[in-house]
Structure formats: structure tokens, C-alpha cells
Amino acid sequence: MIRPQDLLCPKPEGLYCAPGDFYVDPVRPVGRAVITHGHGDHARAGHGAVLATEPTLDIMAERYGLGFAEAKQAAAYGEAVARDEVAVTLVPAGHVLGSAQVVVRWKGLTMVVSGDYKRRRDPTCAPFEPVAGEVFISEATFGLPVFRHPDDREEIARLLRSVAQFPERAHLVGAYALGKAQRIIALLREAGWTRPIYVHGALERLNALYRRHGVELGPLEPATTAAKKDFAGEIIVAPPSALQDRWSRRFPDPVTAFASGWMRVRARAKQRGVELPLVISDHADWDELTGTIDELRPGELWITHGREEALARWAELHGVPARALALVGYEEEGDD
Amino acid sequence: MRAFAELLDRLSLTASRNAKLTLVRDYLRDTPDPDRGWALAALTGDLSFEAAKPTFIRKAVEERMDPQLFWWSYDYVGDLAETVALVWPRRPGANREPELAEVVEGLKSASRAEVQRLIEGWLDAMDEPRERWALLKLMTRELRVGLTARLAKRAAAELGGIDPAEIEDLWHALHPPYEDLFAWLEGRSEKPSAENPGRFRPAMLAQAIDEAADFAKLDPADYAAEWKWDGIRVQLVREAGVRRLYTRTGDDISRTFPDVVDALFEDGVIDGELLVIRGGKVASFADLQQRLNRKSVDAKLTTAYPAGVRAYDLLVEGREDVRTLSFAERRKRLEAFVGRQGSAVIDLSPLQPFASWPELAALRAQPPAGDPQVAEGIMLKRWDSIYEAGRPKGPWFKWKRDPFLIDAVLMYAQRGHGKRSSFYSDYTFGVWAEDEVGGRALTPVGKAYFGFTDEELKAIDKFVRDNTVERFGPVRSVRAEPHAGLVFEVAFEGLQRSGRHRSGVAMRFPRINRIRWDKPPGEADELATLERMLAQMEGG
């Protein structure tokens, strides 16, 4: 009888598919890799052959240079690609541009690796598509009932209200360089913010890449050229590490905002000195995680990384056998 | 309720006083009656319903969800009300979100059993955790969002473009939801009447004197001098049968000081210093602290720490408001008034005669025997000054005793807040003490976060970043060895014994006086120096 663990099993390098001889998001260099999305802890340089969506390959090339792998193969969403005896299909995950779930089919067995995902609308990437399978392998970054992300439009409205309320101050929004930053910019545009948005230098190449893939970001300016007073009333987007860096001193009395699912917990905001926490995440919140399991009703749930114990308990209580894989190497804080 | 929730959320994360003012003022401007009035009452601590304890809500949540999942959540978040607000499993069928006024009126009129049901219903109706958090804070009546009642009233004053003292003066005649107040602030009606027996009158405050600039312009004959007592400023009121004791910001502390509030036999309002006075002698501020912030007071406490008022001004005598009389006239009346009360818990703050500024300076440096030795310095009041609310420039000055100074070594630095969040701006410093094995080691004696210029802050920040030994979250420990480290000259107002500090001493009002880039840490002060200072203060 075919068992799921014959098709996919956790190894120190990452989730391994023996019949197809490849790893999903390996954390060390391997011969053959399938990459779900471009965040640094999932997409690393130095593999032999890489299969990913075209935007993900682009992001990797932007980050690591064109020689990031010996061989690259792009797969369109929904296109089945053969890897030895196994059919691999990449399906939109809704996490960031190019992000994919990995659907693996072998001898009548279907397993779905969610990668990082969310279920909400995001103007910068294709929406998550549910795929039924015997085993659903889920992330659990926000796998605790405290994480309930609000409507992102309401969070953007809060930011814009603050800009109107404090016209003499700059609003400095911390957002991860890949995905979150572009989503914030796109959401601001949808909310009617037409002024130039100032961006930290670390975001420029990824912004350009998003634009090449057809994502509208409107007028962007480097956050370096204006005099201090000129930033009053403006919105600046920067990677989170820059918020408390000396870099931030160039702005007039900035309101520090940070767009992250972690901002749901007040102590997190206080610790980082964030004055305006924006609860906007590219990961599924508790309701999305549990709702997806309910929708798919897989025969088994495996959990790759995050807060596995709580999600596993919820699944067991709801009649879905669950197993924590305890994969290491994926950053808890890194990519949201 | 949503706008109120957003206000509380932002206030709790905002450090800047001006930004807080803007947040409250805009809320009051944009929110209709009566919601804004109830919000103002919540911010000033003037809500009157019986506070609900958050513990019942834990039971309610555990009936609705797996206790293990709740426990993991609580363990992660660390705060019960916040955890409940986040995880609350809503039951469907709840209707629209309540307005703030509905919530407050519900909490005021419901019985204790009904309150729990009401709160559960409201939690079900709210779909945003920030709102549920605000409701859970509101029901405890303690918002703890880092906003004083005074600042909240100032925001209301800004809304109407009036002097905050006018609102303070009126406050005790006003009742939530303050529709008459807002009507006046928005120019829709007359100023509400302040007639309200037993109300607080806003206090007159002194400017700090600038020794270099001010004395040359001031004639000693124009000023009365008295000692500046180290207690808390209070207003003692008896009016039409109402007796009250207020702090200088108008907080009613009558219940904490029953032994003081009954001391007046005639109607009147006295301005003075609340002190612990034993056998006619002023005790330390630490003794007074034993009496402050107590909910219940018993005879044992009032006997061990007998409180009294040292009177220095008279605002009302009988039914006559005397604030528009000169200080000289008020003082005469005060002396007669205090004499007539014959009370053991009220005495007079004596005037200190002097002929010239140098003579007064000498008295300040070496106070005469008795209570003046523990005074914080000297107060100067113009003989012809009326009693004016706020801090007018000129009529009253405070001239504090020179601070104590020690050299201490920077040990830890913590990131600041708001504008300073990119700087390491809160410093823990230590002095040398003998450790368990007879060696010489630094022991922390205090923490300071001001006293330096922006330029100096940048330089210290750089020093901290370049000399970090370890990091714990927002705190860095900094290199502090006899030949490498940074010495601060720290100024402070006094010392107290403290069980909470490892060194056994706590400083009052410490700040950085100078940065001693030149001084090797090995030459900083010893704990023994502080212990000697403490012994002298206690001896005096």
C-alpha cells in the first residue's frame, strides 16, 4: 500500500520527495529543488536545479544574481511538470508575487504543500486556489487563536487618518521588502493616495521587478532627496530594520508604523516602539488556517513550521489527524 | 465605540504629549454627544459605575473554546483582557455594535449579574479586537493609556480655544456626559455655572527662578520668602458642609486622608503642603508615601504616619473668594484663620525674613535648625500678587536647593520612545561597591533619561552602539570597566532607603548633569559616598 511518507518526508534539508528526487524549499544546497516563493528563508542560492514560477525565479535572480542555480525551469500555474515518476503542479498561494503551493501526484496519491499562504485578496498577486488531496501540508506562522487579521483596507484607512491628523509629521511604514511593501503601496493607491510614496533604497529593485510583472505602484521617489521638512505629511515605506536605525532620523518627528501580523499583540508593538501598528499580514490568520482545513477536509494534516501545536490540536479536535513536522530553518519573524 | 477604541489604542502607544493632545482634541471634535462626553469622563476618571472584574470573562471564554488553546494564547500574550479581546469566539446572531453611550449607560444601570451578560453580548457584536479590548478596559474603569485627567481637560480646552484653567475651575460643577460644556466650547451657549460647593480651585504654580537673569531685576522688598516643603501640594476645602482634600491637579484624595479632611471648623479653602508631621517635626517623603495611594486607611496607619497640612495660602474665607486680594492681605487672613481653627493637623508655613538676595542665598545654602533643613529650597511670592490659576511668569518663583551630585558609570542603555525610538536614551548608571568576594564591582543606583542636549544624546547613542557588551531586547549592556566606559555626573534631589534596589538606596529625581567624557570610570564615586549622604539627610 502506498503511504504518504513514501511520497514526501521531512529531512534536515527540508521536505523531500523520494520518487521525484527533489526537495521543497530546502534550507541547504541540494541537487533538485522546488521553490514555493522568493522569501530568503524559502528560496536559497546554490541548488543544482530549481523549479519555480517565473516571478519566483526572477526574484531569486534579483537577490542572488543570475547564477543562483545551475539549471532553472519555470512552470506556469496549473501546468503539470514531470519529475521522474511524480507530477508536480504549482498552484497560486496568494502569499506574494509568484508564490505557489506545490501539488504532488504519484500513483493516485495527491499531497498539497501550501507553502506560505493567505486567503485574502491582494492586488499584487494571484489568489490562493484550494486543491483537495489526501494530505494537506500547511504552514502555521500565525497558528494561535489570538491572530485575527482585520480587513487590510481598514488598516490603510487608519494610516491615512493619521496622516491627515498629523500633517506636520512624516509617516514611516515598516514593511518587508518582498511582497508586503508592494502590497502596502498598491493598497494605498486603491485607497486614493496619489501623492508620491517615498521608498527606502532597499526596496527599489523589488519595486521595479513588481512593475515589470504588471503591478501598478504609482509614483515612487527615493526617500533621500527631499529636505527634512519636505517629508512632513508624506508616507515613507522602509524595511522594518530601518525603522529604528539612524536612517530614520532624516524625517520630521516620524510616526512609526509597522505592517505585520505580529502587530496584533500590543506588547510586540511596544517593544519595537511602534506608534501605529498596522495589522496587515501575507500569512493566513487563525481563521484562514482553520477555515482552509475545514474546506479541504484532508485525510491528514501535516504542519511545516510556525505554531504547530495549537493548529494540530485544533485539527484533532475537529476530526482531522494532524502531525507536526517541526521543520527548521524557516524564520518565525522573517517574512511577515 | 469604534472611534473610542481607536483613540485608546493610539493613546496607549503614543509617547508624545502633543500627539496625545491632538488625538483627544480631534476625537472630541469629530464625535457627537453624548459619546464624546462619556469618553472624556472615562479619560478623566469620572465614570461612576461599579467596576467589573476581568476574571469572570475568563470563565466565559473557556466555556466557548478549548481551554488548552486559550491557555496557549494567554501564555503567549501575557495579558488577560487583551487575550480575551483577541480570541473571543463570537456567537452569531448578535446585532449591531453598541455606541459608547449605550455601553456606559448599560454599565451604570445593570445589576452585577446583568453586567456579565451585557458584556458578553457586546463582545459578540464587536468584530474588531481593538474594540473588544477597549470595552474590557472601560468596564474596569481603569484605562491606563498614559493620559492624565489634566491633559484630557486641556484637549477639551483646545477644542474651544479657551484657557485650560477655565475648565479646571468649572470641572467640579460639571457632570458627564458634559453636553453643557461642549455647547459652550463650540460657542453654542453660555459658560456653565461654576457654583458647586466643595469644588476644587485650580492651583497657582511657581516658575523656577533663573539665578543669573532674574535676581538682578527683582527687588527683595517686593517678595516674601518661605521654605519649599517636600510633600505634596494640596487644597483643603470646607464649604456648605462639604469637606474635601484635593491634590494640586484636582484629584479628590479625601478618602485617603480622613484625619486631615475634618480639620477645618469654619468654611474656607486652604492651599498648603501635605506632610507627615510627627511631634511638630516634618518626616521624610518616604513616610508620606506610606499614606499615598491607599484605598483603605485604618487607625494604625494614621497613628504611625500622622498627616497634616502646612498652610501657605487662603483662597476662600467663609463665603468670600479672596483670590483677588494681594498675597500680603491673604497671608494676614490666613494666619488669623489657621489660628481660629486650633487644629493639631494644620499649621502655618512660616515666612522667612530676609533683607537682601545674598542673605537669602546664605539661608538657602545653610538652612536654620529644624524643619527648614529638610526643605527642598525656597519659595518667593510677590507681596502684591493675586492668586492666579496656572503658572504665570513673575509673581511666584521657586528656588530649589542645589542638587546633590555624584559621578556614576553608565551600565545599561535602553531605547527610548516616540521621537527617541532610534536612540538609546534611557540610562541605568552605577557606582562602585564591594562585591561578595571583596572585589570592586558596579552596582546600579538609578536611571535617568534627560538632562542632555540632542547633540549629546547622539554622542551617547554612538558610544552605546560602539561599546555594547550584550543585548536583551531593547536594552544593551555597555562596557563599564575601570579604564573603559562612560561617566555621568548625575544630579538628584535626595536619597531614600529602598528594598527594591540592589544598592539599597533610591534617588529622587535623578538626571544627567554633565557627561564626563574625560573621566575614567575607575574614578567614579563609591556606594559608601551615597550612604554617607543618606545618613546626613536622615540625621538632619
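**A seven-strand sheet and a chain interface**

Me: In what order do the strands of the open sheet of chain A follow one another?
Reply: In this predicted model, chain A holds an open sheet of 7 strands. The pairing within this sheet is mixed. Its strands follow the order β7-β8-β9-β10-β11-β18-β19.

Me: Which are the edge strands of this sheet?
Reply: An edge strand is recognised here by pairing on one side only. In chain A this applies to the strand of residues 80-83 and to the strand of residues 322-324. The edge strands are therefore β7 and β19 of chain A.

Me: Which residue of β11(A) is the bridge partner of Met111(A)?
Reply: Strand β10 of chain A covers residues 109-113, and β11 of chain A covers residues 135-140. These two strands run parallel and are joined by 3 bridges. On the β11(A) side, the partner of Met111(A) is Val135(A).

Me: At about what angle does α8(A) run to β19(A)?
Reply: Helix α8(A) lies across three strands of chain A, namely β11, β18 and β19. Relative to β19(A), the helix runs at about 170°.

Me: Which element gives the largest share of the side of chain A that touches chain B?
Reply: Contact between the chains involves 29 residues of chain A and 28 residues of chain B. The elements of chain A that give two or more residues to this side are α3 (152-165), α6 (266-271) and α8 (308-317). The largest share is 5 residues, and it comes from α6(A).

Me: How many residues on the side of chain A that touches chain B are charged?
Reply: The residues of this side divide into three classes, of which 12 are nonpolar and 6 are polar. The charged residues number 11.

How values were computed:
Residues numbered from 1 in each chain as written. Chains lettered and ligands numbered in written order. Predicted model: local features only at pLDDT ≥ 70, side-chain atom pairs only at ≥ 80, totals over all residues. Contact = placed C-beta atoms within 7 Å. Helix = DSSP H or I, 4+ residues; strand = E, 2+ residues; numbered from the N terminus. Nonpolar A, V, L, I, M, F, W, Y, C, P; charged D, E, K, R; others polar. Axes fitted to C-alpha atoms, helices over the stretch in contact; angles between N-to-C directions.
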